[in-house]
Amino acid sequence: MEKKLYHCVAYYPELWDESFIDSDIRYMKQAGINCVRMGEFAWHRMEPRPDEIDISFFVRVADRLHENGIDVIMCTPTPTPPVWLTDGHPERLAVNYEGKRYIHGARQHVCTNNPEMRMRAAIITEAVAKAFAGHPGVIAWQLDNEMKAQTDECMCPECGKRWHEWLRDKYGTVEALNEAWGTEIWSEYYDTFEQVVQPLHTTYPHNSSLQTQYRLFSRQMINEFAFMQAEIIRRYSSAPITHDVHTNFALDAEALFKGLDFTSMNGYTDDNGYCKWLFDFDLYRGMRGDNRFFVTETSPNYSGNLDCMVRHHRPGFVEIEALGAYASGAFGFSYWHFRQHRAGCEQPHGALLTAWNKPSTGFYQVQKVEKLRAAVEPCFTATEFQKPQIAMTYSSEARAYFMTERLLEGEDYSVRMLWLHGIMERRGLRRDILPQTASLEGYKLLFTPFLPHVSDEYADRALEFVRRGGVWLIGPLTGIRTEHHTVSTDCCMGRLEKEAGITAEFFYPMSASGNRLKAFGLEAPACLHGAACTAHEGTEVLGVMTSDITDGFAFLTCRKSGKGHIAVLSALPQIGNAEGEKMLEEIFAYFAHLAGVDDTFTADPGVSVIMRRGEGRYKKVITAINGTDRDGTYLLEFDGTDVITGQSVSAGRRLLGPFGYEVIAVKTD
């Protein structure tokens, strides 16, 4: 892929007469589109009957796009199997946790573990890969579309067979499984692997180990299906391969992207949701450790489907979505989609063109983005996102744990992580969000919240980070479960207690319990489950509880270790409470200072500052974005030049209007 900023749209030429293509290309060029994604839902058009495969239409479309300077990300069409694949073959359909089979329609209704589905998916993937082998216009590949957008794991008999094989590979003997899972509880003991049930709906929840392990199994099988397609494509094409994901999907995204070539994300929010965009940028930029990603979907004006209507974005919001993405490390920004569907589930969804082939409000928003993209491209392609000094751990495994055990009190794991991320952002603390396997090189502060199972491998790397001088802030809800999703019988938080010099005496739900927390001269109510701790000699207590149950016990501690420090936040200040958020800001600020973090920024709440580094005139570049519908300011520490307007700007407080922004090449000498 070229070193440029891609401005992309999802394109479905198969839904319209071929005579539209020339006018489509004219509209794309007027909007500044230099790349399209296509083919992801077109299995029937490519193969209307078994083995009657014809990809030539899409090759002709790619040829015409290439002739007009528009690149193609070619997709495999496997999310929407044609009816001939399942007609008369219900065993190929996915089964939900209530034991009900899906029927043909919508998408992803066929189980990707089914042998026939795998074979047919391999055949159509190879046909597409062959058809586009060496095509100069195809710059990348996308596998399928939004795998596991539904969070139900398939419970079909074929999944059951693979489940038993997976368990045998993992545990070796059924006796080891029984011991790890504690199956004597409720007489759940198994005599053979073949007896281990799938977690279908029952009158009461299944064993925690069973539920979580099945989720992990399902995620591994999905990745296996993706890697099968990638292997086929690589026989015919050297173009990089990706998949489009979202934080809501039931995937192991970290493992998925380690087997692909670049990270892609889909992001949809209303125009109050810029904070979610910042979270996603930080998360997917760090997923592969290469500091880059591609935004594969967002709405150019509004989103919607038959069950969901969302208001139109206010002026300027799409621009800050795109600018924030590019500044944060995205090399592509894409809309869903080019022309409004005239039929189907998503016919209310916004697009660049209306179904009657006229520019929509989104078309004019995209034109504004293109003007902005063209202005910043020379600067952003000459610089790279400046790595922060704070890392925050994110875990697909942890999300699976919390889907099984609702310790987050009804909220999704990513929602709770977003809240913590937002507190850091408001304090002006720049951060990366990293998977558990990521390198910690170059960071000063590591924050590990909501990680029930802390593997020895992760703990070893974090402790080495501390010995070299880093600060590791652990918790809350970290280390409280084993790898099998059981409770440790040695102590509440496993080896972390010894390393941190504490003992967790009690662990219980603190929301609405009257338990209050005191630290740094502040007081706030506690929430979620938390641990009341005592500190060993050499461990400093920074925060204590005040309640009838655990009055005087510690919830915030810090211990010197090697050249660094291990801190534990064993209970959480109240989420959504002004006192709680203020306390958490101070906690983060304290440990950032202790770690020597010095790349902070100063801005009003809702105003973000993104830093990039390069050489020459772009040695240091500041992108400031107001993600709110009110005026906001930030502090520019040095004079500089506005990259977009070319005007000189002076250091000091800078005012940004609603959804306003500026990109400043800073004079640092």
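**View 1. A512 sits in the loop that links β17 (502-509) to β18.** This is a predicted model in which local features need pLDDT of at least 70 and side-chain atom pairs count only at pLDDT 80 or more, while totals for chains, interfaces and linings use all residues. Residues are numbered from 1 along each chain as its sequence is written, and side-chain values use heavy atoms, with hydrogens and water left out. Helices (H or I, at least four residues) and strands (E, at least two) are DSSP runs, numbered from the N terminus. Most residues other than glycine have a negative phi, and most peptide bonds are trans. A512 is not a glycine, yet its phi is positive, about 55°. Because its relative accessibility is 84%, A512 counts as exposed (over 50% relative accessible area; buried is under 20% and partly exposed in between, with a 1.4 Å probe and protein chains only).

**View 2. L528 lies in the loop between β19 (522-527) and β20 (529-535).** Here is another residue other than glycine with a positive phi, near 55°. Is L528 buried or exposed? With a relative accessible area of 1%, L528 is buried.

**View 3. K518 and its contacts are shown in strand β18 (residues 516-519).** K518 has 38% relative accessibility and so counts as partly exposed. Leaving aside neighbours within four places in sequence, K518 is in contact (heavy atoms within 4.5 Å) with E523, L542, G543, V544, T546, F555 and M583. For a sense of scale, the C-alpha atoms of K518 and M74 are separated by 55 Å, with their positions 444 residues apart along the chain.

**View 4. An open sheet of nine strands contains M74 and its bridge partner.** The strand order is β5-β4-β3-β2-β1-β11-β8-β7-β6, and the pairing is parallel (two strands pair if DSSP finds at least two bridges between them). β5 (241-242) and β6 (244-245) are the edge strands, each with a single partner, so one side of each has no neighbour in the sheet. Within the sheet, β3 (residues 71-75) and β4 (residues 138-142) run parallel and are joined by four bridges. M74 has W141 of β4 as its bridge partner.

**View 5. Helix α1 (residues 21-31) carries several buried residues.** They are I21, S23, D24, I25, Y27, M28 and A31. What lies over these residues? The cover includes β1 (6-11), β2 (35-38), α3 (56-67) and α11 (361-381). After α1 comes G32, with a positive phi near 85°.

**View 6. Strand β16 (residues 471-474) has buried residues on both of its faces.** V471 and L473 point one way, W472 and I474 the other, and all are buried. β16 pairs in the parallel sense with strand β15 (residues 445-448) over four bridges, and L445 stands opposite V471. Between these strands, the chain passes through helix α14 (residues 456-467) in a right-handed β-α-β crossover; right-handed means that, with the strands pointing away from the viewer, the path from the first strand over the helix to the second runs clockwise. Four bridges also join β16 to strand β23 (residues 564-569), again in parallel, where W472 has I566 as its partner. Beyond the strand, the peptide bond from G475 to P476 is cis, with omega near 5°; P476 belongs to the loop between β16 and α15 (495-500).

**View 7. The largest cavity holds about 340 Å³ of space.** On a 1 Å grid over the protein atoms alone, a cavity is a set of points where a 1.4 Å probe fits but cannot get out, a pocket is an open set with protein on both sides within 12 Å along at least five of seven lines, and lining residues have an atom within 4 Å of a point. Grid points are joined across faces, edges and corners, and a volume is the space filled by probe spheres set on the points. The lining has 28 residues, and Q108, V110, T112, K148 and I222 lie nearest the centre. Helix α7 gives the largest share, six residues.

**View 8. The second largest pocket encloses about 540 Å³.** Among its 26 lining residues, Y97, Q211, R215, M403 and R406 are the closest to the centre. Two elements, α7 (208-234) and α12 (396-404), each give two or more residues to the lining.
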